[in-house]
Structures are given as C-alpha cells and as structure tokens.
Amino acid sequence: MSTPTHAGQRVSLTRFLIEAQREHGHINADLRLLIEVVARACKRISIAVGKGALGNALGSAGTENVQGETQKKLDVISNEILLEANEWGGHLAALASEEMDHPHPIPHRYPKGGYLLVFDPLDGSSNIDVNISVGTIFSVLRCPEGVTDPVESDFLQAGSRQVAAGYAVYGSSTVLVLTLGYGVYQFTLDREQGSFVLTGSNLTIPADTGEFAINMSNMRHWEPPMKRYIEELLAGRTGPRGRDFNMRWVASMVADVHRILTRGGIFIYPRDMKDPSKPGKLRLMYEANPMAMIVEQAGGAATTGLQRILDVEPGELHQRVPVFLGSRNEVERATRYHLEAAAESAGALA
Ligand code: AHM
Ligand code: MG
C-alpha cells in the first residue's frame with residue numbers, strides 16, 4: 001500500500017481531519033476534536049503497551065469488570081487514559097466502556113458537548129501479557145436531542161446511527177483505522193514524530209476470500225448451520241466449495257479485523273452452547289458495531305448470522321451478539337445457512 005500524499009507531503013491525521021471539516025464539510029469542529037483526542041489517547045496507550053514488562057503494568061489488576069472478566073492492569077490503565085483525555089474537551093456528553101458497569105458522566109466542572117463515546121479500551125486481553133497485538137475500539141454516537149445528563153438508555157442506539165468508528169492496533173507498528181461515514185482510512189504512528197500519518201485511503205475488503213478466522217476449539221458447542229459452514233471450508237478442494245481455505249485466529253478482534261481489512265477474510269464469533277445464557281462473546285456497542293461500520297464502509301458485510309449488525313436495536317450497554325464480518329460473499333453464505341436453519345426450525349414448530 002503506498003502512502004497517500006498531498007503534493008508530495010505526508011498527510012497527518014490532524015491535516016486529514018481539518019480538511020475533512022474545512023473542505024468537505026464532512027465533520028464539525030467538535031467531532032474533529034473528539035477524533036484527535038481519541039487518537040492522542042491511543043498514542044499514550046501504545047506507549048504503555050510498548051513498555052512491556054519494563055512498564056510494571058503486565059498481569060492482573062485483581063479486579064473484575066461487569067462481565068465477570070478479570071481486568072488486566074493495562075485494561076484499567078487504558079480505560080483511565082481514555083477517560084482523562086476525553087473528559088475536559090467539551091465535545092462529549094458522556095462516555096461508556098467495556099471496563100465500567102455504567103456510563104461515565106462528564107464532571108460538572110467541564111462543559112458538555114453533543115457526542116457519546118463508547119469504547120473497548122484494550123481489546124484482546126488474553127494477549128496483553130504475551131506480546132501479541134492488542135488494540136482499542138471506539139464508536140461515536142450523538143447524544144439525543146435535549147438530553148444534558150445522558151444515562152444508559154441514551155446510549156442504546158442502533159449501530160447505523162454511529163457518526164464515526166475506529167480502532168487502533170498496537171502491533172509491530174501502531175495503526176489507527178477510522179471511518180467518518182465516507183470510506184475507511186488508515187494512519188500509521190510515526191514513533192519519532194509522535195504523529196499519525198495517512199497510510200491508506202478508501203480501504204476495501206475483497207468480496208471473495210480463501211481465509212477464515214474462528215476459534216475452532218468451540219466447534220462442539222456450535223449450532224448446526226455454523227458447523228455446516230466451517231465443515232464445508234475444512235473439506236477443501238474435494239469438498240462442496242471446491243477449493244482449499246486457510247485459517248488464522250489471533251484472538252484479538254482488532255488484529256483479526258485489521259488483517260481482513262488488509263487482505264480479506266471472514267471473522268466469526270458465533271453464538272455457542274458453552275454458556276447458553278450468552279448470545280455470543282463479543283459486545284455489540286463497543287466491539288461489533290464499530291467494526292461492522294468499518295467493514296461495511298470498506299465494502300464488506302457484517303451480520304449476527306440472522307440480521308445486519310448495524311440494525312440491531314440494543315437492549316443494554318454490555319449486550320453480546322454473534323459476529324460474522326468481512327468478505328461479503330462469505331458472510332452472506334454463512335448468514336444464508338443460519339437463516340435457512342431458522343426457517344426450517346420455525347416450519348417444524350408451525
Ligand atoms: P476482550 O475484549 O475481553 O479482550 O475479549 C474480546 C476478545 C476478542 O478480541 C477476540 O476476538 C476474542 O475475545 C477471543 O476470544 P477467545 O479467547 O474465546 O478465542
Ligand atoms: Mg474486546
């Protein structure tokens with residue numbers, strides 16, 4: 001991928017955002033500030049993650065989040081960095097995060113703005129201590145008209161109402177991927193300069209792919225259409241698909257989605273029967289929705305297996321959903337298998 005430039009000059013995130021506001025009218029000053037502030041926080045998180053064992057921040061924080069997961073020290077630190085960075089700028093009405101039970105209000109001493117920010121501060125917790133890529137995922141919503149002190153119900157908006165979404169991957173390089181609703185852009189952190197530089201414009205996901213990402217160890221817990229889809233891929237050239245498929249699973253959604261955005265693929269975290277009370281592992285508001293917006297903006301598809309993720313009306317802040325996203329033709333096929341199975345069982349019940 002070549003680096004897009006303006007008359008030979010590198011384009012920083014700041015310049016990209018100012019031009020998006022000034023020349024194209026795509027964003028207003030508050031949204032520009034919001035993205036800048038989130039990007040600045042991601043730089044700080046990148047530095048904290050990059051220190052590794054020298055930062056004295058590996059390992060467990062000894063606490064649990066609302067989902068009953070043990071928090072890592074870096075989960076807590078990343079959450080704090082995003083809160084601190086975003087509280088005082090005047091662009092937000094409130095924030096919510098994977099690591100906090102309830103929305104975080106803007107302290108009364110600061111002005112409030114018209115946006116809501118929802119984030120997973122450090123996605124890929126199981127990879128933090130083993131030096132594998134982790135990342136930050138974020139979603140931007142409008143605060144409902146007339147609401148000055150937003151509560152949880154004000155956040156419960158379908159993903160189609162997101163005004164922006166993005167993620168950062170803290171990998172061999174730090175990359176920020178962003179959509180403001182008109183295409184997907186990639187910025188790479190220049191560590192010497194301390195600034196994000198545009199390294200990819202209008203990213204697109206190929207419609208076809210020979211690569212899938214799923215945690216195969218859960219196969220015995222899957223529903224029949226899920227098993228059918230993967231068994232067909234595994235059957236390879238002599239099976240019904242007539243070609244071989246390759247598998248990759250980083251276990252950091254940010255890294256798996258970034259690979260798919262770079263070279264195609266399908267990512268699946270389906271519903272399974274390991275814990276029937278949970279409809280999937282991933283969270284709708286700060287994992288599935290922002291990734292679905294990015295993937296759709298890149299020409300891919302994102303469903304729950306039964307419906308478009310961006311159409312799901314959230315019932316609660318930390319709600320979980322099954323996730324199928326990436327190369328359009330594979331997502332559509334896997335979704336079709338699920339819809340057919342649902343129609344068959346509805347027919348059997350009628
Ligand atoms: P986290 O937000 O607590 O890190 O959990 C989400 C992560 C995703 O990044 C990843 O796709 C998935 O959990 C991996 O799950 P598993 O360990 O079951 O393979
Ligand atoms: Mg996560």
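Student: Which pocket is the space taken by ligand 1?

Tutor: The largest pocket. Keep in mind that this is a predicted model.

Student: How many residues surround ligand 1, and which are the closest?

Tutor: Start with a distance shell. A residue joins it if one of its heavy atoms lies within 4 Å of the ligand. Here 17 residues surround ligand 1. Gly124, Ser125, Asn215, Met253 and Tyr269 are the closest.

Student: How do the residues of the shell divide into nonpolar, polar and charged?

Tutor: Sort the shell by residue class. Six are nonpolar, four are polar and seven are charged.

Student: Which strands each supply at least two residues of the shell?

Tutor: Map the shell onto the secondary structure. β7 (115–123) and β15 (266–269) each supply at least two residues. Then map it onto the domains. Domain 1 (5–200) and domain 2 (211–349) each give the shell at least three residues.

Student: What lies 2.7 Å from an oxygen atom of ligand 1?

Tutor: For polar contacts, look for N or O pairs within 3.5 Å. A backbone N or O atom of Gly124 is 2.7 Å from a ligand oxygen. Side chains take part too. An N or O atom in the side chain of Trp249 is 3.0 Å from an oxygen of ligand 1. For the side chain of Arg283, the distance is 3.1 Å.

Student: How much of the accessible area of ligand 1 does the protein cover?

Tutor: Compare with the ligand on its own. Alone, ligand 1 has 470 Å² of accessible area, and the protein covers 88% of that.

Notes:
Residues numbered from 1 in each chain as written. Chains lettered and ligands numbered in written order. Predicted model: local features only at pLDDT ≥ 70, side-chain atom pairs only at ≥ 80, totals over all residues. Heavy atoms only, no water. Polar contact = N/O pair within 3.5 Å; in protein donor to acceptor, adjacent residues only side chain to side chain. Areas by Shrake-Rupley, 256 points an atom, 1.4 Å probe, with all protein chains shown as cover. 1 Å grid on protein atoms, 1.4 Å probe; cavity = no way out; pocket = protein on both sides within 12 Å on 5 of 7 lines; lining within 4 Å. Sits in = over half its atoms within 2 Å of the grid points. Helix = DSSP H or I, 4+ residues; strand = E, 2+ residues; numbered from the N terminus. Nonpolar A, V, L, I, M, F, W, Y, C, P; charged D, E, K, R; others polar. Domains from an automatic or database assignment.
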